Amino acid sequence: PVLLLEPVPQNPGPQNEYDLLVIGGGSGGLACAKEAAQFGRKVAVLDYVEPSPQGTKWGLGGTCVNVGCIPKKLMHQAALLGSALKDAQHYGWNIAQPVHHTWSLMAQAVQNYVKSLNWGHRVQLQDKKVKYFNMKGSFSDPYTIRGLTKAGKEVSCCVISAILPVCSQIAGALEYGITSDDLFWLKKSPGKTLVVGASYVSLECAGFLTGIGLDTTVMMRSIPLRGFDQQMASLVTEHMESYGTKFLKRCFPTKVEKLESNRLQVTWKNTDLGTEETDSFDTVMWAVGRAPDTEALNLEAVGVKTNSETGKIVVDASEATSVPHIYAIGDITEGRPELTPTAIAAGKLLAQRLFGQSSELMDYDNVPTTVFTPLEYGCVGLSEEMAVRCYGSDNIEVYHAYYKPLEFTVAERDATQCYMKVVCLREREQRILGLHFIGPNAGEVIQGFALGIKCGATYPQLMKTIGIHPTCAEEITKLHITKRSGLDATVTGC
Amino acid sequence: MTVWLFLCKSFIITKLKEAAKYEKKVMVLDFVTPTPLGNSWGLGGTCVNVGCIPKKLMHQAALLGQALEDSRKFGWQFTEEVKHNWMTMTESVQNYIGSLNWGYRVALREKKVTYENAYGEFVGPHTVKATNKRGVEKLYTAERFLIATGERPRYLGIPGDKEYCISSDDLFSLPYCPGKTLVVGASYVALECAGFLAGLGLDVTVMVRSILLRGFDQDIANKIGEYMEGHGINFIREFVPIKVEQIEEGTPGRLKVIAKSTKGNQIIEGEYNTVLLAIGRDSCTRKIGLDKVGVQINEKTGKIPVNDEEQTNVPYIYAVGDILQDKLELTPVAIQAGRLLVQRLYAGATSKCDYVNVPTTVFTPLEYGACGYSEETAVEKFGEENIEVYHSHFWPLEWTVPSRDNNKCYAKIICNIQDNERVIGFHVLGPNAGEVTQGFAAAIKCGMTKEQLDSTIGIHPVCAEVCV
């Protein structure tokens, strides 16, 4: 999340020390700052991490690097390697089962890597002559930020804003629970864990915790992966269930208490059965959403409009806020995808528009993404329900297939949820509206197709593309059974 | 009267299912002439039995060996030394192949395609003789014929090659661990096999006459070779074997290989348990009576020239697959060509197989996915000043924690400056290269330009995002 101060495009005078002040040293902020510095501008970045309720802190780089994408994918990889160890036996490797996982070994390796990235970012800023301040502050007037270091010094710098995990409001939630901000920095294993939430954060974390051998439960109030294609979301959770993650569906917690043993006793309501249930866990992790910390910035004082419901900053197509020289990019902005690559791209383009000769706006359409659950889900474009809503079910065609990755055969792995579908317009050209894929390496599979969709790919063009054999991705170029036909969509043989 | 008669060593079921869909009477003749060492296999052709499928599975076994090592760094704990058991792997692989053979027979039956395990050859116009393994002969006539007989590995023509050496036709069902292996050749078959054998823990040497992966982008081919060398595979460059002798019989035995330099008179000797020849493949077109029906073949290569509708010079005889002249030797290409052919003949379709921008992947230890022009062919066709090459090394996130191979993965995109910087070549060297490349191949088919590439948002964190 980044808030940018952009004074007049002259040389910085005594009032304007910098051409650009970036608040927030995350994916978007750093990208924008470095790009602006390329144009020879005086740029400063303010980054400050308010410790989590449990006291966790981290370095420069933002959510992605420290408590998001990077450690998540590494821990996901650790879990995948656990499956690989099981597969390996079938392929002839003699390993004594069961194999055990040690949290601290993994955590240390991941944390060390993240720290190297923090360091790398600081070096990069230095190389590009971007000034970096590890401090927090708020707007004192539209052109000045009061910066407060730990010692409380006043500097004309900016305040950090953040988008933080939201904790539940119930009794005991804040004191005894952790969030994703803490999970990746735990020194000891979280043990038997309850993950509350149905977001991708919740499912991804629950997924890798299960994969490394921990007793893991997910508590969901209603549907999984809201906003994503719901058929795919169901396949994801079905797979997790067969993988060993427990689910408490249509439940919500009512209180968290600490037991003498130091374990946590969680009580919840089951809305289907109308009953109250309880169980004890070593760790309770809240993954019920993320919200911006815009209050701390004192945005109201300078007139930057935010969405009253979400608290996010309202921006236009050029990332401008309601105050002309203040811009915002990344997770903190209303209505934008909360993804690192979009923040980075938006940041770079913004810098190019402000200081370069460019007028190119960020294109937020057809942004691909991947959910790194044990069986990964990659997608680009519209979900099936969104396509139906926009065009009507008579005007769209969905081609789909259940397939089995070759590597699963010898490993005797269940491929029940390995599935893909392409949603197209039915009219003559048959333009592709959305592509959805569940299977191994979903991100790798989807990336190139996202590019194709950016080029306006049609179903016939997809069919003309020859497959690479043997891969999972090739099945996309062979999709030919429609949902409408009702025929069996299982891919057979070679 | 049978309408369609397929002569297959390579079998492509989709084509047959396609023809049968239009209620034509279809028959397939498939026969595997045993290898010099006596090896044979079931229905499905090279891909299923001695190509893509077992290759990828054994490649996966090797990758899992690497995964085992990585997993320690990610917190998994188990005994120090883990050994690989060749028989366990081979049995699993062969069982899976057996299930595919069976699956094809069932599918053919369901579609009412007549199948005979017999060697087919033309004896006269519209007539084929089928000889089964007991020597019983039958004659069949048909309105149309499709030749899809595929290829078999070539031998060196030196003393001891057929008696003591194996080929890819033997490797995937070898009933004993090959041990210390010499792989002769620099094709993708040679490098893929050498790669997984080394990954399983075997001592592997590759003997190369000149360059690696002829026909592929040479910059990448060299990177692949370097990577393999860096991972313990020995390369003997610019030598060819001239004699193979048996020192000791056994499973495996011990063989002595004498080789001569291509650049002088130097002779070297080496001892190996197994010698795997991967020096090329020859089309199975010379002994199927093509002369009796007047089908022209390229006398030198044995390949069959066809028009853009897969038709030979004899109007009622068609051909698809590896035996085609100037076409790619890939399963998906054969499948696509065959399916479209049948649709054109019986469903009034007009689509022809698009042989341009066909993607492929070499499953070496560091995988290589490619679509379109290599850098050198692009330079040759368009001129160096008219192309722009964008490239980058990258380090997969998953390799950071185990501190593995920083700066070995690589991606490059070749653009045609004169055509709006259209992407004409895509190359990626890294894990899951096939999965990565597939989508980019679709985008290339849509005519993507560098600008569109740049404006596509990456998925984070994956390897493929380095390409956008």
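Begin by selecting His469(A), which an unreviewed UniProt entry lists under "active site". The structure on screen is a predicted model. His469(A) lies in the segment that follows helix H15 (459-464) of chain A. Is this residue buried or exposed? His469(A) counts as buried because its relative accessibility is 15%, and buried means under 20%. Next, add Glu474(A) to the selection: its side chain and that of His469(A) are joined by a polar contact of 2.9 Å.

Remain in chain A and select strand S2 (residues 20-23). Both faces of this strand are covered. Leu20(A) and Val22(A) are buried on one side, as are Leu21(A) and Ile23(A) on the other. Now display strand S3 (residues 43-46) of chain A, which runs parallel to S2(A) and is joined to that strand by 4 bridges. Opposite Ile23(A), the viewer will show Leu46(A) of S3(A). Adding helix H1 (residues 27-38) of chain A completes a right-handed β-α-β unit with S2(A) and S3(A).

Turn then to chain B and select the strands of an open sheet, in the order S9-S16-S10-S11-S12, where the pairing is parallel. Strands S9 (166-167) and S12 (234-237) of chain B stand at the edges; each has a single partner strand, so one side of each lacks a neighbour in the sheet. Within this sheet, strand S10 (residues 181-184) of chain B and strand S16 (residues 274-277) of chain B run parallel and are joined by 4 bridges. Val183(B) is found opposite Leu276(B) in S16(B). Finally, select helix H7 (residues 188-199) of chain B, which packs on the sheet and touches S10, S11 (204-208), S12 and S16 of chain B. The direction of H7(B) makes about 165 degrees with that of S11(B).

Note on methods
Residues are numbered from 1 along each chain as its sequence is written. Chains are lettered from A and ligands numbered from 1 in the order in which they are written. This is a predicted model: local features need pLDDT of at least 70, side-chain atom pairs count only at pLDDT 80 or more; totals for chains, interfaces and linings use all residues. Side-chain values use heavy atoms; hydrogens and water are left out. Buried means under 20% relative accessible area, exposed over 50%, partly exposed in between (1.4 Å probe, protein chains only). Helices (H or I, at least four residues) and strands (E, at least two) are DSSP runs, numbered from the N terminus. Two strands pair if DSSP finds at least two bridges between them. A crossover is right-handed if, with the strands pointing away from the viewer, the path from the first strand over the helix to the second runs clockwise. UniProt positions are given in the numbering used here, feature names are shortened, and annotations may be inferred rather than shown by experiment. A polar contact is a pair of N or O atoms within 3.5 Å; within protein, one must be able to donate a hydrogen and the other to accept it, and residues adjacent in sequence count only if both atoms are side-chain atoms. Contact means heavy atoms within 4.5 Å. Axes are lines fitted to C-alpha atoms, for helices over the stretch in contact, and angles run from 0 to 180 degrees between N-to-C directions.
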